[in-house]
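Trainee: I would like to learn how to read salt bridges, ring pairs and burial from a set of coordinates. Could we work through one case together?

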Amino acid sequence: MSTKQKFAVPAIFLGLLLLANACPARAQATSPSGTAGVGDNAASSSSSSAATVAATDAAAPSDAEPVAATPAGGGTAAAASTAPESDWHFTVAPYLWFPGVHGNIGGPNGGEIGFSASPGDLLSHFRIGLMGAAEPRYKRIVMPLDIMWIRLGSDRALPNTPGQGVANLHATEFFLAQKIGYRVIDSEKLKIDALAGFRYWYFGENLSFTTNTLNFSAVQSWVDPLVGGRITGILTPKVGVTIGGDVGGWGAGSQIDYQIFGLLGYRIKPALALQVGYRYLYFDYRRASGSFLDAATSGVLFGATITLK
């Protein structure tokens, strides 16, 4: 083999190596509009398949994290999670309270009269009334409002009077309790609220006679500061128990003013629950003149809670 042939063979072999190394670089430098090779298609398909599998795995619920149920106990929370929950909530709760009442009333001269009426007595003299509660809530800030207004009446004939006169007695009771508080514990099974506020009292009495102009009317009203609390336990998705109370007065209005209550609720729809319970409410109001009025009102109540938002 001549000297030229000896140099030609290595030169050809080196050229083939350089050309082989240059082909992948050229293929990688090919513009997106160019035709990809079979190897590129396979890589692209593998990448797409991997991305599809990853997306599918992310969308499917994991066995370790089961899908959460709605408060009503059915369905999933996937639809609810697509829209952020509002920070504001609002409920209204009309109720009917069937109490009995007993207490004492005294005048400035030291006289004292006790009184007592059963739930049936009050119901037989019931004329008109309004009872209900409402509660706006912003995050953990709660603002419960409670209102009760009732009007009682009785007409009694006066024997041995000219023209058979009649005595008409009308009594009005109204109170409004407004509180604001903070939800100290807000878990799925337990909610505890610390509350403070006031209760406004109004009593009006009117006595008139059809046979003469000797009529009598009186009004008592005052405001009591209050502190209290409320505990709600969720026994099942449909059944809950609430107990609570408050205390106040301390001489600012009455000497003492307090209540305790307990409610058992059953949720028949996500936005509607029925309740039955018991309530005890007491106050002792005294004036500087020496007149006083103390009364304990207690009995069963029935109500409904409607969630508007």
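Mentor: Start with a charged pair: the side chains of Asp246 and Lys179 form a salt bridge, with N to O at 2.5 Å. Keep in mind that this is a predicted model.

Trainee: Where do Asp246 and Lys179 lie, and what does the pair tie together?

Mentor: Asp246 belongs to strand 9 (residues 239-249) and Lys179 to strand 6 (residues 166-186), so the salt bridge ties together parts that are 67 residues apart in sequence. The structure holds nine salt bridges, and this is one of them.

Trainee: Are Asp246 and Lys179 buried or exposed?

Mentor: Asp246 is buried, and Lys179 is buried as well. Set beside that the salt bridge of Lys191 with Asp186, where the closest N and O atoms are 2.9 Å apart.

Trainee: How should I class Lys191 and Asp186 by accessibility?

Mentor: The class follows from the relative accessible area, and partly exposed covers the range between under 20% and over 50%. Lys191 has 23%, so this residue is partly exposed. Asp186 has 31% and therefore also counts as partly exposed.

Trainee: Which residue does Asp193 meet in a salt bridge?

Mentor: Asp193 meets Arg230, side chain to side chain, at 2.6 Å from N to O. Distant parts of the chain are linked by this pair, with Asp193 in strand 7 and Arg230 in strand 8 (residues 216-234), 37 residues apart. Both Asp193 and Arg230 are buried. When salt bridges share partners, read them as a network: here Glu135, Arg183, Asp193 and Arg230 are joined into one.

Trainee: What is in contact with Val142, leaving aside its neighbours within four places in sequence?

Mentor: A contact list shows what surrounds a residue. For Val142 the list includes Glu135, Arg183, Asp193 and Arg230, and among the others are Lys179, Tyr182 and Leu195. Those first four names are the members of the salt-bridge network. Val142 itself lies in strand 4 (residues 141-142), and its relative accessible area is 0%, so Val142 is buried. The C-alpha atoms of Val142 and Leu195 are 8.3 Å apart, although 53 residues separate the two along the chain.

Trainee: What about Ser208: buried or exposed?

Mentor: Ser208 has a relative accessibility of 18% and therefore counts as buried, the cut-off being under 20%. Ser208 is in strand 7 (residues 190-209). Beyond its neighbours within four places in sequence, Ser208 is in contact with Val166, Ala167, Asn168 and Asn215.

Trainee: Now the rings. How many aromatic pairs does the structure hold?

Mentor: There are 13 aromatic pairs. For each pair, look at the distance between ring centres and the angle between planes. The centres of Trp201 and Phe283 are 4.7 Å apart and the planes are at 50 degrees, so this pair is tilted. Trp201 lies in strand 7 and Phe283 in strand 11 (residues 272-286), so the pair ties together parts 82 residues apart in sequence. Trp201 and Phe283 are both buried.

Trainee: Which residues do ring pairs link into a cluster?

Mentor: The cluster consists of Phe175, Trp201, Phe203, Trp222, Phe283 and Tyr285.

Trainee: Which residue lies over the face of Trp97?

Mentor: Arg279 does, at 4.9 Å from the ring centre. Read Arg286 in the same manner: this residue lies over the face of Phe292, at 4.7 Å from the ring centre.

Technical notes:
Residues numbered from 1 in each chain as written. Predicted model: local features only at pLDDT ≥ 70, side-chain atom pairs only at ≥ 80, totals over all residues. Heavy atoms only, no water. Helix = DSSP H or I, 4+ residues; strand = E, 2+ residues; numbered from the N terminus. Buried < 20%, exposed > 50% of the residue type's maximum accessible area, 1.4 Å probe, protein only. Contact = heavy atoms within 4.5 Å. Phe/Tyr/Trp six-rings, centres within 6.5 Å; stacked < 30°, edge-to-face > 60°. Lys NZ or Arg CZ within 6 Å of the ring centre and 35° of its normal.
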